[in-house]
Amino acid sequence: MRLSNAAVASLAARAARRIVVPTYDRASLAPGIVHLGLGAFHRAHQAVYTEHTLRAGDHRWGIVGVSLRRADTSEALTAQDHLYTVDVRDGTADSFQVIGALVASLVAPQSPAAVLDAMTDPRCHIVSLTITEKGYCRNPASGALEFDHPDIAHDLREATAARSAIGFVVRALALRRAAGLRPFTVMSCDNLPSNGDTMRALTLAFARETDPVLADWIEREGAFPNTMVDRIVPLTTDADRTRVAKQLGVDDAWPVMTEPFSQWVIEDRFAGPRPAWEHAGATLVCDARPYEQAKLRMLNGSHSALAYLGSLIGYDTVDQAIGAPALLNFVESMLRDEVEPTLSRPALASYRAELFARFRNTALDHRLQQIATDGSQKLPQRWLESVRANLKSGAPTERLAFALAGWIAYLGGQDETGRTYAIADPLADTLTEAVRSTLLANAVDAVRTLFEIESIFGCDLRAQPRFVAQVARHLAAIRAQGVVKAMEACTASRPSM
Ligand code: CS2
């Protein structure tokens, strides 16, 4: 039997298995939120907070999930009344919750008009996004909208159709304005620096190009709160599906796996009503940026270091990588000496300890290759902002330089055990070509060639000869001695500028 509204009734009887199911009338939910990017992260994070508000009786916040590319998740969920299971794993036991917050799903390339209809429904007050870094079609180094990105160029050309998230948002806001409606709040939930401010700037840049009066209206009336989102959500595998089916007694084609930890910090600046997410554990603040910056540079920054260095050594998962003393010591010193001094969030040492405890969760099977994707889009905010802050203040950059050298080595496409892997990155061709062309070159030339890629490194870092030399020295050490030896030497060295 497949998960469905009807099946939930029988699951509810399985109290002994302690499976939490929706207890409210799903038919009464209004589509108050349109969410772009129906991936596992949204379904294990924002949807869970929203489920809490629905259970508490506020039925304005059903979610219409939109896939901007693929149809597979939407098809799987449509066949089970948009119900799915969140499987929370703490390493000793699982707990299960069936989420009812998703009321419909759409596949944007198949039905763009239906997406715009959902966004212009007067009952929709929030359009949220988890479209990953590359979904913003921005230059990762400068943050500017890439007008020549194929999706943006298309959306600027075709006034009525949209492919990009920005295109959909601007088009829907134009339709709302024409209909005399208030704008919805645009709430980015991606791992970008000042994600709300970023989304606002991109939206305005696009709108100015098409309709300056609309841009003025969005500037005046719109709201783009910054948010910090945090929950580790590995990709769902068939083994996960089997495990959930066994527990539930029904098949769920797309459950999501996650850890017990969950955090959401949201700036309380909305253009209209919002769910009382604070009652579900979210923190509403005036300024989310200190949290966001600490999370990006510490959690995501160490994730990326573990992903590239761990993959090179031959590890597959985060818990394996953090379990290796050389990697743990390296990442710890990178955070303590070179990242935390750039941050203003309180209690950083305990935050760091908590991160490492989360990384040790053996039940998540969180693949390093999942984190290693899209480095060109991730590293500017995860590592390079810390590098720039330290170069400016005269603080050390040795470990961050080592991590960067690890990424360059990783781009070679082969680990130290001889296994090969693909480089998944929108700039994969440019990156692999740059690395291939420098394989025989000395390390300084190799680093210089990479640093020429302005959309990642801007034009300032290549003009920092000491930093270039540091990265090159570590790359040469990795090539000559292997990652572990080179890393141990780096960790043991006195941090220098
Ligand atoms: C990870 C994040 O895949 C990645 O790049 O670093 O998805 C990370 O698991 C989340 O941001 C945790 O909140």
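Here are three short exercises on the ligand site and two loop residues of this predicted model.

**Exercise 1. Work out which residues surround the ligand, and sort them by character.**

Step 1: Start by collecting the neighbours, using a cut-off of 4 Å between heavy atoms. That gives you Asn191, Asp230, Arg231, Ile232, Lys295, Leu299, Asn300, His303, His366, Ile371, Lys378 and Arg382.

Step 2: Now sort them. The shell splits into five charged, four polar and three nonpolar residues.

Step 3: Next, ask where they come from. Helix 11 (289–313) and helix 16 (375–393) each bring in at least two shell residues, and helix 11 has the largest share, with four.

Step 4: Zoom out to the domains. Domain 1 (5–287) and domain 2 (290–492) each contribute at least three residues to the shell.

**Exercise 2. Find polar atoms of Arg231, His303 and Arg382 that pair with ligand oxygens, then say how much of the ligand the protein covers.**

Step 1: Look for N or O pairs within 3.5 Å. From the His303 side chain, a polar atom comes to 2.8 Å from a ligand oxygen.

Step 2: Try Arg382, where a polar side-chain atom is 2.9 Å from an oxygen of the ligand.

Step 3: Don't skip the backbone. At Arg231 a polar backbone atom is 3.0 Å from a ligand oxygen.

Step 4: Then check the cover. On its own the ligand has 340 Å² of accessible area, and the protein covers 89% of that. As for the site itself, the ligand sits in the largest pocket.

**Exercise 3. Look at phi in Ala347 and Asp365, and place both residues in the fold.**

Step 1: Recall the usual sign: most residues other than glycine have a negative phi.

Step 2: Read off the angles. Ala347 has a positive phi near 55 degrees, and Asp365, not a glycine either, has a positive phi of about 55 degrees.

Step 3: Place them. Ala347 is in the loop between helix 13 (325–339) and helix 14 (348–359), while Asp365 belongs to the loop between helix 14 and helix 15 (368–372).

How values were computed
Residues numbered from 1 in each chain as written. Predicted model: local features only at pLDDT ≥ 70, side-chain atom pairs only at ≥ 80, totals over all residues. Heavy atoms only, no water. Polar contact = N/O pair within 3.5 Å; in protein donor to acceptor, adjacent residues only side chain to side chain. Areas by Shrake-Rupley, 256 points an atom, 1.4 Å probe, with all protein chains shown as cover. 1 Å grid on protein atoms, 1.4 Å probe; cavity = no way out; pocket = protein on both sides within 12 Å on 5 of 7 lines; lining within 4 Å. Sits in = over half its atoms within 2 Å of the grid points. Nonpolar A, V, L, I, M, F, W, Y, C, P; charged D, E, K, R; others polar. Domains from an automatic or database assignment.
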